[in-house]
Amino acid sequence: MISVAPIKPLASWTGNDRYEGEVLGSLTIIFKSGGCSYRRCLMCGYRFDGSFGASPDELLTSLRGQLSWVLETFDLTQIGMVKIFTSGSFFDPDEVPLEVRIELGKLIRGKIAIAESRAEYIASPDISSFLDQIDTGDHEIPLYVAIGLETTDDSVREKSIDKGMSFADFVRAAQTADEAGVGVRTYLMMKPLFLTEKEAIADMKTSIREAAPYSDMISMNLCTVQKRTDVEYYWKRGAYRPPYLWSALDVLLSTDEQVSCDPVGGGFARGPHNCGECDREIKNAINMYSLSFDRSLLQAVYD
């Protein structure tokens, strides 16, 4: 990798994730990329982040600086899984130049990688190339593309999220990934705008069931109120409330699928919460469940 001055990414942190029956040390990185090409999702605050207007050389220097920062900041020998996010899509060449994908691939070679991208950028040559960069033969599926499907209901996705894609688009992208030997991690969104709590629960239960045949992993994200978003606009006017943690328990206990969930912002007004008395206990139980898929952990706080 070409040496450049370290530049801190938008966010990065270490944690643990369950993979194939074991718990791996994980590193999550949200790179400041060239900016999302779509930038219309109603709940997404990252649509405002990106090096908009930067020249190709400036973008390349910035991303290389972020790679340098990651290399200096984290001990990658302790990391088994790397989760890669950007302001939009990792496989959009206008957001993340090919040179950066190659350099990142060399840095994380031999690890499990999960890279987020919109469905339209999941093309066989691009994902196959990155797979070749990281694959050492140690893992059956070393690369997963993470797709923000949000819901399998096209009407909900467009009216409540304005995602700009259909369930059919997701299925095509999942099939492309499968044919390339790449896994699929599907992100679903619990309670986007304009749904009642009851409707949100029903939508998630249906979405998990319908997305499962096309997914190697499913993650349920609980909607939070990010700054400068449409969700915040309605929340400030009392027209939106993030989901109850009780609702997340209901959904997770209703399915036989192994659905992970990280209740970001749990217990706070902008995040999923109940009345406050049991929020921390339920948040911790959901986090522990996502590392073990032991349903008794959820049932203990649900009863």
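Me: Why is R64 called buried?
Reply: This is a predicted model, and in it R64 has a relative accessibility of 12%. Buried means under 20%. The value falls under that cut-off, so R64 counts as buried.

Me: What makes R64 and E103 a salt bridge?
Reply: Their closest N and O atoms are 2.8 Å apart. The limit is 4 Å, between a side-chain nitrogen of Lys or Arg and a carboxyl oxygen of Asp or Glu. The pair is within it, so the term applies. E103 sits in helix α2 and R64 in helix α1, 39 residues apart, so the bridge links distant parts of the chain.

Me: Why is the contact between E103 and R64 also called polar?
Reply: The side chains of E103 and R64 are joined at 2.8 Å. A polar contact needs a pair of N or O atoms within 3.5 Å. The distance meets that limit, so this label holds as well.

Me: Is E103 buried or exposed, and how do you know?
Reply: E103 is buried. Its relative accessible area is 10%, and the cut-off for buried is under 20%. Helix α2, where E103 is found, spans residues 98-107.

Me: What makes R40 and D162 a salt bridge?
Reply: The closest N and O atoms of R40 and D162 are 3.2 Å apart. That is within 4 Å, so the pair qualifies. R40 lies in the loop between β2 and α1, and D162 in the loop between α4 and α5, so the bridge ties together parts 122 residues apart in sequence.

Me: Why do R40 and D162 get the labels partly exposed and buried?
Reply: R40 has a relative accessible area of 44%. Partly exposed runs between 20% and 50%, so R40 takes that label. D162 is at 17%. Buried means under 20%, so D162 counts as buried.

Me: How do you know that R270 and E232 form a salt bridge?
Reply: Their side chains meet at 2.7 Å, N to O. The cut-off is 4 Å, so the pair passes. R270 is in the loop between β8 and α9, while E232 is in helix α7, 38 residues away. E232 and R270 also belong to a network of salt bridges that includes K236. The structure holds 13 salt bridges.

Me: Which labels do R270 and E232 earn, and why?
Reply: R270 is at 28% relative accessibility, between the limits of 20% and 50%, so R270 is partly exposed. E232 has 9%, which is under 20%, so E232 is buried.

Me: Why is V231 called buried?
Reply: V231 is at 1% relative accessibility. Buried means under 20%, so the label follows. V231 lies in helix α7, residues 230-236. The C-alpha atoms of V231 and C44 are separated by 8.6 Å, with their positions 187 residues apart along the chain.

Me: Why does E20 count as exposed?
Reply: E20 is at 64% relative accessibility. Exposed means over 50%, so E20 earns the word. E20 is found in the loop between β1 and β2. On the surface, E20 is one of the residues in a patch of negative charge, along with E22, E140, D178, E179 and D216.

Me: What makes W246 partly exposed?
Reply: W246 is at 34% relative accessibility. That lies between 20% and 50%, so partly exposed is the label. W246 is in helix α8, residues 245-254. With Y244 and Y302, W246 forms a nonpolar surface patch of about 270 Å² accessible area together.

Definitions and conventions
Residues are numbered from 1 along each chain as its sequence is written. This is a predicted model: local features need pLDDT of at least 70, side-chain atom pairs count only at pLDDT 80 or more; totals for chains, interfaces and linings use all residues. Side-chain values use heavy atoms; hydrogens and water are left out. Patches are made of residues with over 30% relative accessible area and no salt bridge: like charges are joined within 9 Å, nonpolar side chains (Val, Leu, Ile, Met, Phe, Trp, Tyr) within 5 Å. Accessible areas come from the Shrake-Rupley method with a 1.4 Å probe; for residues, only the protein chains shown count as cover. Lys and Arg count as positive and Asp and Glu as negative; His and the chain ends are not counted. The place of a charge is taken as NZ of Lys, CZ of Arg, CG of Asp or CD of Glu. Helices (H or I, at least four residues) and strands (E, at least two) are DSSP runs, numbered from the N terminus. Buried means under 20% relative accessible area, exposed over 50%, partly exposed in between (1.4 Å probe, protein chains only). A polar contact is a pair of N or O atoms within 3.5 Å; within protein, one must be able to donate a hydrogen and the other to accept it, and residues adjacent in sequence count only if both atoms are side-chain atoms.
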